[in-house]
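Please open the model in your viewer, with the sequence panel beside it, and follow the selections below in order. Each stop says what to select and what is found there.

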Amino acid sequence: MSSEKAEKVDDRHTTSSPSTDADLEKSGPDGFHEHVDISGIDEARLVRKIDMRLLPWLSLLYLLSFLDRTSIGNAKLYGLVKDLKMTDPQYATALSVFFVTYALLEPPSNVFLKRLRPSVWLSLMMFLWGVIMMAQGLIKNYSGLTAMRVLLGVFEAGLFPGVNYYLSCWYKRSEFGIRAALFFSAATVSGAFGGLLAAAIAKMHGVGGYPGWAWIFILEGLLTIIAGVASFWIIQDFPDTAKFLTDKERAFVIRRLQADDQFSAAGEGLKKDTIWAGLRDPKTWMFMLCYAGSDGPLYAFSLFLPSIINSLGYTATPANLLSVPVYAWACLVTCCVGFAADRYKRRGMFNLIFFSVGLVGYSILVGSRNPKLSYFAVYLAASGIYPLIANTIAWAANNTEGSYKRSVTLGMVIGFGNLNGVVSSNIYPAKEKPWYRTGHAVVLGYIFMGWLMSLVLMIYFKRENAARARGDRDERVNGVGSGKGGEYKTLEEAKTLKGDRWSGYVYTL
């Protein structure tokens, strides 16, 4: 591949113009539905149609997911630990066991999602974790709580990595960031809504002989069961089979993705090589560390924010209510970063900026002994955590081609990040309140790791793009080319087999 050609490819990924008819006509390796005339399709209108069918419901599902997994933090404020006669280490263990099964099952869950229909896999997982959530409200001791948390991790494992992978199969690389941010912002809404909901449900204390914290689990689990059943009919499958699109629209969607170097958009068979490609790729492991830099702090923040505010002198309900504006701010920043990173196509730069904000926030929390200053620092901390979850996932998805490879890569990145929830669950012991110096210091270290790995990834991608532009990675195609990147019969074969390793593929910085 020549330097001139590389510059043209780079231009295509650094401009914000929509796909042209010429791009779509020559887009795919298999010419998806070549017989279908796609002229006259309004691309912007079609993307809005996809947005409205996918994003609202998927965001609701994640809101319920995050609500269910973090409601234990609110339940603690209403007597969970006291009623179950648990010690502080036992409570930390109950938090930790969730993340073990949750993290370890995320990569294989993504493969199952690809093999099965998303409407079947995601709705089944939701229904089952809703049942477990309700059962969590009926337990009588520490052992029962621990068992329910293990099972909750098993059934929730598929949603977050699955939906992010699923959305990456619908949108161009320059469109995915804001969609990932909107989807993830449901977690921030959950944080705000969860506090309000817990405060309201806790007033049912004594109804049916159950304490207020039990009703939190029971009613939130019931909501999840209802959503899981409805999801079977509401969730759409992949673009090539989506029933809400016409044949013409399906062809247009697939071709625009293929024009964006998503060569596997029309479908891809499961091969061991495609799975191993994700495992062997060095950038997968770099993204795992980068993502852990925000995901480890995320769980520490969401699980312990009510307790942190409570320890500053506020009782349970005011502590929950004071967490609402913090999550509202996190939601706003997450969406703004997602939009800006898509527009400027510089995801690494936004990681560096907002990780730096997080470093300032947690530095203040480590040293502060003033409740008002600590509450202000919580806003900075949220700014350095929440927007970078979606941005890092979008960054990893943008730079991984091959549908199965991307499913494995995102599963590994998100799974490893969530595994750090085990650490997050054990760094805020009650004996260190109200300032929790150890917990804040550990989170500070996580954020610095995320900042450092973001810098490493930016340097890596910049050097690799430069090498491709110089022709150092060129393939020999049908006897033409240097052959440094291997020999292939056709350009389509090179694209399909190499994915993001193809010399014309330009990484997003």
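How many of the 17 residues of helix 19 are buried? In this predicted model, 15 of the 17 are buried, so helix 19 is largely enclosed by the rest of the structure. Select residues 403-419 to display this helix; from its first C-alpha to its last it reaches 24 Å, close to the 24 Å expected at 1.5 Å a residue.

**The whole chain**

Before going further, colour the whole protein by secondary structure, which shows 22 helices and two strands. Of its 509 residues, 61% count as buried. If you consider the contacts between residues at least 6 apart in sequence, 81% of them join residues at least 24 apart.

**Helix 19 and its partner, helix 6**

Keep helix 19 on screen and add helix 6, residues 106-115. The axes of these two helices come within 7 Å and cross at roughly 150°, and helix 6 and helix 19 are therefore roughly antiparallel to each other, since an angle over 145 degrees counts as such. Their crossing is right-handed. To see the contact itself, show the side chains of Glu106, Pro107, Asn110, Val111, Lys114 and Arg115 on the helix 6 side, which meet a set of helix 19 residues including Ser403, Tyr404, Ser407, Val408 and Leu410. Further residues of helix 19 in this contact include Gly411, Met412, Ile414, Gly415 and Asn418. By class, the contact of helix 6 with helix 19 has seven nonpolar, six polar and three charged residues.

**Glycine 162**

Asn110 of helix 6 also leads to the next stop, because one of the residues it is in contact with is glycine 162. Select glycine 162, which is placed in helix 9, residues 159-168. Is this glycine buried or exposed? Its relative accessible area is 0%, so glycine 162 is buried. Leaving aside residues up to four places away in sequence, glycine 162 touches Asn110 and Leu113. Now draw a distance between the C-alpha atoms of glycine 162 and proline 118, which are 44 residues apart along the chain and separated by 8.3 Å.

**Helix 3 against helix 7**

Next, select helix 3, residues 43-77, together with helix 7, residues 118-136. Their axes come within 11 Å and cross at roughly 30°, which makes helix 3 roughly parallel to helix 7. Helix 3 passes helix 7 in a left-handed crossing. Show Leu61, Leu64, Ser65, Asp68 and Ser71 in helix 3, and you will find them meeting Met126, Trp129 and Met133 in helix 7. The residues of this contact divide into five nonpolar, two polar and one charged.

**Helix 3 against helix 5**

Leave helix 3 displayed, hide helix 7, and bring in helix 5, residues 88-104. How are helix 3 and helix 5 oriented, roughly parallel or roughly antiparallel? They pack at an angle of about 175°, with their axes 11 Å apart, and are therefore roughly antiparallel to each other. The contact is made by Arg69, Ile72, Gly73 and Lys76 of helix 3 and by Tyr91, Leu95, Phe98 and Tyr102 of helix 5. These residues divide into five nonpolar, one polar and two charged.

Stay with helix 5 for its length: at 1.5 Å a residue its 17 residues should span 24 Å, and its end C-alpha atoms are 25 Å apart, which agrees. Among its buried residues are Tyr91, Leu95, Phe98 and Tyr102, and also Ala92, Ser96 and Phe99.

**Two lysines with positive phi**

Select lysine 85, in the loop between helix 4 and helix 5, where phi is near 55°, a positive value in a residue other than glycine. With a relative accessible area of 69%, lysine 85 is exposed. Then select lysine 345, in the loop between helix 15 and helix 16; its phi is likewise near 55°, whereas at 9% relative accessibility lysine 345 counts as buried.

**Serine 294**

For the last stop, select serine 294 in helix 14, residues 282-311. At 0% relative accessibility this serine counts as buried. Which residues does serine 294 touch, not counting residues up to four places away in sequence? They are Phe355, Ile385, Leu388 and Ile389, which you can show as sticks around serine 294.

Terms used: Residues are numbered from 1 along each chain as its sequence is written. This is a predicted model: local features need pLDDT of at least 70, side-chain atom pairs count only at pLDDT 80 or more; totals for chains, interfaces and linings use all residues. Side-chain values use heavy atoms; hydrogens and water are left out. Helices (H or I, at least four residues) and strands (E, at least two) are DSSP runs, numbered from the N terminus. The expected span of a helix is 1.5 Å times one less than its number of residues. Buried means under 20% relative accessible area, exposed over 50%, partly exposed in between (1.4 Å probe, protein chains only). Contact means heavy atoms within 4.5 Å. Axes are lines fitted to C-alpha atoms, for helices over the stretch in contact, and angles run from 0 to 180 degrees between N-to-C directions. Angles under 35 degrees count as roughly parallel, over 145 as roughly antiparallel, 65 to 115 as roughly perpendicular and the rest as oblique. A crossing is left-handed if the near helix is turned anticlockwise from the far one by less than a right angle, and right-handed if clockwise. Ala, Val, Leu, Ile, Met, Phe, Trp, Tyr, Cys and Pro count as nonpolar, Asp, Glu, Lys and Arg as charged, and the others, Gly among them, as polar.
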